[in-house]
Amino acid sequence: MGLSALDTVLWAATIVMLAVLVVTLVFKKRFRVAPWFTIWISSGLTLTLALYITYRLGRSSLYTILYWGWAVADLLLQLAVIVEIARSVLKRDGRWVEGSHTRFLAMAGVSVLLSVSLALSVHPATVYATDTWAVRGNLFTTLLICMLFSALMFVSQQFGLSWRSHIMRIGYGLTAWALTSFIVDMLHSYWGITRHYAQLDRIRNFAYLGSLIYWFVALWRAEVGKKLSPDVFSRLSSLHEQVEYELSDSSPTDEERFS
Amino acid sequence: MFPIVLMAATFVMLAGYQTYFVLRRRRLQNQTWEQLISKIQPVDFSQLQKVAKSYLESGKDHHHVQPADMWIMLGQEQGLARLRNNAEVMLDLAVYAERWNFHEGRVIADFMRRDSVRLRTALREIEASFANESRTTQLHLHLQEISSAYSAMRQRLLALYENANAGRLPQLQAAL
């Protein structure tokens with residue numbers, strides 16, 4: 001199996017950047033802020049290396065098994081990263097901000113339904129049914145990630161929640177790559193897997209490489225802001241709960257409310 | 001052809017919203033305190049306080065301000081739109097104050113967020129009742145909820161500025 005010079009460079013650059021990012025996450029202790037992101041990037045490094053070696057050795061059946069096995073694991077890990085971001089954004093000092101997670105879950109449910117419907121609506125020009133399902137599977141993944149991240153942005157905006165800078169940047173990188181993948185998968189769904197397939201996939205790979213470089217720079221830098229210490233939080237909480245108590249004391253009684 | 005048009009529309013919506021979110025966040029980070037405070041719209045706080053007080057004295061005689069009067073005292077639809085706008089600005093002002101007092105600013109912003117959720121829920125209830133006349137609603141309870149939540153937000157924000165940056169307190173008091 002042949003590999004063009006451009007593809008070889010792209011593959012090598014991706015492996016190098018993945019390795020650099022793993023070192024950054026470990027060396028700078030960013031894995032504490034984003035453990036699932038660290039697992040996702042580390043598994044990406046291992047499997048990209050494995051795929052490259054398998055490809056070079058010409059083991060096409062093993063390559064196919066690895067590729068599709070990884071695709072499923074990759075989707076699950078990306079969902080774990082989204083949940084990790086959601087927990088960071090929608091939780092304050094260990095507690096969900098009231099009403100935020102239920103709204104996010106409702107929007108996530110709608111996102112799953114929309115992604116499935118849109119992915120099933122496409123009929124790409126393919127010869128084999130497996131290729132059709134491969135295109136639909138990829139489309140479903142990228143649609144779901146884009147919609148979930150948009151839902152998270154929407155809920156955080158509705159509740160006026162600020163984001164920790166590293167988490168925000170992980171999200172930016174993920175969504176930039178997912179939106180590019182969405183365009184690629186949308187065109188694959190129209191043209192099938194024969195026309196412009198390799199060129200389009202290169203665009204996706206360049207976008208992934210771009211996100212890796214962005215994550216490296218963003219996570220290497222120090223985070224803006226700090227976490228609140230428990231004693232300060234407790235002191236200020238009691239002060240403001242007092243204000244809340246004084247106000248709630250004046251609320252109408254249940255009897256009045258339902259009269 | 002239809003599915004690709006549908007997906008292109010989905011892409012435009014998702015990419016458009018995400019771009020808007022990023023730009024809005026950046027604009028919020030870059031704006032000055034003066035720009036922020038200029039967004040506060042005038043509200044007759046003494047009238048609002050009377051409605052909030054009818055909440056406070058609900059055990060005694062909570063009907064001493066009639067719902068129709070409350071509606072006028074809060075400035076009707078325009079007044080409620082102002083309260084919604086000001087609630088958002090107050091939240092931004094609390095987040096801004098994190099620059100001077102990170103810990104307290106963050107905690108107070110969280111408490112104000114809860115008040116703002118109460119305020120917006122009550123506003124939505126009122127809007128829904130106007131959109132659907134068959135829907136029964138206890139207007140006076142929602143108006144009292146709005147006044148109470150707004151007063152709490154104002155009180156918390158002023159207390160935060162008293163500790164974090166007292167120099168700006170008079171200007172803030174005047175605006176609110």
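Helices, in this tour, are DSSP runs of at least four residues, numbered from the N terminus. The model on screen is predicted.

**Chain A as a whole**

Select chain A and display it as a cartoon. Chain A contains 9 helices and 2 strands. Followed from the N terminus, the order of its elements is α-α-α-β-β-α-α-α-α-α-α. Chain A has 259 residues, of which 29% count as buried. Among its contacts with a separation of 6 or more, 76% join residues that lie 24 or more positions apart.

**The loop at Lys29(A)**

Next, select residues 5-27 of chain A, which form helix H1, and residues 35-57, which form helix H2. Lys29(A) sits in the loop between these two helices. Display its backbone: phi of Lys29(A) is near 60 degrees, a positive value in a residue that is not glycine. Is Lys29(A) buried or exposed? Lys29(A) is exposed, because 9 other C-beta atoms lie within 10 Å and the limit for an exposed residue is 12 or fewer.

**Helix H3 of chain A**

Move on to residues 60-90 of chain A, which make up helix H3. This helix has 31 residues and reaches 44 Å from its first C-alpha to its last, close to the 45 Å expected at 1.5 Å a residue. Which residues of H3(A) are buried? They are Gln78(A), Val81(A), Ile82(A), Glu84(A), Ile85(A), Ala86(A), Val89(A) and Leu90(A). An α-helix has 3.6 residues a turn, so residues three or four places apart point the same way.

Keep those residues highlighted and add the elements that cover them. The cover includes helix H2 and the two strands, S1 (91-92) and S2 (95-96). It also includes helix H4 (100-121), helix H5 (129-158) and helix H6 (165-191), likewise of chain A.

**Two positions in chain B**

Turn to chain B and select Ser38(B), which is located in the loop between helix H2 (33-37) and helix H3 (45-56) of that chain. Ser38(B) counts as exposed because it has 12 C-beta neighbours inside 10 Å. Add Ala175(B) to the selection: the C-alpha atoms of Ser38(B) and Ala175(B) are separated by 8.1 Å, although the two residues are 137 residues apart along the chain.

Finally, select residues 76-96 of chain B, which form helix H6, and pick out Gln76(B) within this helix. Phi of Gln76(B) is near 55 degrees, again a positive value in a residue other than glycine. With 10 C-beta neighbours inside 10 Å, Gln76(B) counts as exposed.

Terms used
Residues are numbered from 1 along each chain as its sequence is written. Chains are lettered from A and ligands numbered from 1 in the order in which they are written. This is a predicted model: local features need pLDDT of at least 70, side-chain atom pairs count only at pLDDT 80 or more; totals for chains, interfaces and linings use all residues. A residue is buried if 20 or more other C-beta atoms lie within 10 Å of its own, exposed if 12 or fewer, and partly exposed in between; C-beta atoms are placed from the backbone. Two residues are in contact if their C-beta atoms, placed from the backbone, lie within 7 Å. The expected span of a helix is 1.5 Å times one less than its number of residues.
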